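Here are some short exercises to work through with the model open on your screen. Try each one yourself before reading its solution.

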Amino acid sequence: MTGDVVVVRTGSANLASVLAALQRLGATPRLSSDVADIRRAERLVLPGVGSYGGAQSALARAGLVEAFADRVRAGSPLLAICLGLQLLAEGSDESPGVRGMGLIAGCATRLPDSVRVPQLGWNTVTTRDDTSVLRSGFAYYANSYALRSAPDGWSHATTTHGAPFVAAIARGPQLACQFHPELSGRWGHALLTRWWAAC
Amino acid sequence: MLTRRIIPCLDTRDGRVVKGVRFQGLRDAGSPVELAARYEQEGADEIVILDVVATDRGRDHALDTVRAVREVLSIPLTVGGGVREVRDAERLLEAGADKIGVNSAATDDPALLERLAATFGVQCVVLAIDAAEAGDAWRVFKRSGSDATGRDAVAWAVEGTQRGAGEILLTSIDRDGTRSGYDLALLAAVSRAVSVPVIASGGARTVTDLIDAVRAGADAVLAASMFHDGDTTVGLVKQAMARQGLEIRQ
């Protein structure tokens, strides 16, 4: 494979940080919301900042949902970040009535009132499964919603903020993180390096 | 378990890091790129850049600074200074910020917080509050502490989070740059009143000050002078806080 990677433009987000992290891998990332680019890209990154309903409707408006879903089902190289992970699921408490892409089981629910929400900061990533690109460590999270249980057929890592939730899931060259690997320092860079190598 | 963050702050003007006392008498403290890279290397959990003078020319400098820092930085970057509209925030995010700090403009136009949250999400919106003690309460000031707003600091923090701020950056004007410790009473009052994370700012001198701030309710502690002047390092501070039993990313 070459250094080709397409970052899906779903609206305003911390795209510069995602692009900088990919460039540190030696990649030449391109930003696009063009359906042909999404279908043809060697590797696809779905960043996620913003609201669930807003991001889902941006994907739908650009006509990307089907192309995106086809790639995920085919097992093509994918990195989904934060809201990007939740968009793979069936929905979220954040935007009741909005259907996610339904590519993995489950809905994102709000973090408990017993802790500070949004969760902003470094929290643990814990996995007992070393068959995937996932490893245990600390990562940077910025979320108010999360998935409670990992879908079947994926390796997973968990963390806790008030209650346990899914930190990341991985399957071959597909990685979806609730945390921000692009903001997780050397540990995040190492994770992205493993993902890149698995593609 | 979520860890407490140690956040070095770079006050910048025209592409250089500056530092004053109680927002006055600014002096040069180095290159933002070099300092940001060094702090990440030492274990900083996040970097905050506050651009002191947000004139048109200064704003271009600030964007250049953010771009240059982003290239070397792989931890979160919060940027504030001169954000008056959604477009200003968008420019900073495009340059490489992850979160946007908003201060004076929100006191003039509180609905700005709603517009920012609707566009970028609450996790992207940091309400910076500059507060000074006034009798048995704290009042909010704007424009680098020069103008009174008439707002009560605790009430403003609550209103700000209801409107869309996902985090409060709480600076004591009385303590800023004085190295006399954070205003713990202010911190405790705001921290109790809101459910979003609170960053303590203004007055840190020693590790004990940082530990006291966390015990008073701070989710993160911000400091500038104590790191710029080489009194200590982020790494030493984190070791000391961990020895006191605080949850710290080592």
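**Exercise 1.** How many bridges join E5(A) to strand E6 of chain A, and do the two run parallel or antiparallel?

*Solution.* A word on the model comes before the steps. This is a predicted model, in which local features need pLDDT of at least 70 and side-chain atom pairs count only at pLDDT 80 or more, while totals for chains, interfaces and linings use all residues. Residues are numbered from 1 along each chain as its sequence is written, with chains lettered from A and ligands numbered from 1 in the order in which they are written.

- Step 1: find the elements. Helices (H or I, at least four residues) and strands (E, at least two) are DSSP runs, numbered from the N terminus.
- Step 2: apply the pairing rule, under which two strands pair if DSSP finds at least two bridges between them. E5(A) and E6(A), residues 107-110, are joined by two bridges and run parallel.
- Step 3: pick out a facing pair. A:Ser92 is opposite A:Ala108 of E6(A).
- Step 4: widen the view. The order E5-E6-E9 in chain A makes an open sheet of three strands with mixed pairing. Strand E5 (91-92) and strand E9 (145-147) of chain A each have a single partner strand, so they are the edges, and one side of each lacks a neighbour in the sheet.

**Exercise 2.** Trace how strands E1 and E2 of chain B pair, then go on to E3(B).

*Solution.*

- Step 1: start with E1 (residues 5-13) and E2 (residues 16-21) of chain B, which pair in the antiparallel sense over two bridges. B:Arg13 has B:Arg16 in E2(B) as its bridge partner.
- Step 2: look at the turn. E1(B) and E2(B) make a hairpin with two residues between them, and B:Asp14 in that turn has a positive phi of about 50°.
- Step 3: move on to strand E3 (residues 24-30) of chain B, which runs antiparallel to E2(B) and is joined to it by four bridges. Here B:Val18 has B:Asp28 in E3(B) as its bridge partner.

**Exercise 3.** Which residues of H6(B) and H7(B) meet?

*Solution.*

- Step 1: set the contact rule: C-beta atoms, placed from the backbone, within 7 Å. By that rule B:Ala153, B:Val154, B:Ala157 and B:Val158 of H6(B) meet B:Leu186, B:Ala189, B:Val190 and B:Ala193 of H7(B).
- Step 2: sort them, counting Ala, Val, Leu, Ile, Met, Phe, Trp, Tyr, Cys and Pro as nonpolar, Asp, Glu, Lys and Arg as charged, and the others, Gly among them, as polar. The contact of H6(B) with H7(B) has eight nonpolar, no polar and no charged residues.
- Step 3: check the geometry, with axes as lines fitted to C-alpha atoms over the stretch in contact and angles from 0 to 180 degrees between N-to-C directions. H6 (residues 153-163) and H7 (residues 184-193) of chain B pack at about 30°, with axes 9 Å apart. H6(B) and H7(B) are therefore roughly parallel, a label for angles under 35 degrees.

**Exercise 4.** How many residues does each chain bring to the contact between chains A and B?

*Solution.*

- Step 1: count. Chain B brings 31 residues and chain A brings 29 residues.
- Step 2: locate those of chain B. Helix H2 (56-72), helix H3 (86-95) and helix H5 (111-120) of chain B each supply at least two residues of the side that touches chain A. H3(B) gives the most, with four residues.
- Step 3: classify. That side of chain B has twelve nonpolar, eight polar and eleven charged residues.

How values were computed:
Two residues are in contact if their C-beta atoms, placed from the backbone, lie within 7 Å. Angles under 35 degrees count as roughly parallel, over 145 as roughly antiparallel, 65 to 115 as roughly perpendicular and the rest as oblique.
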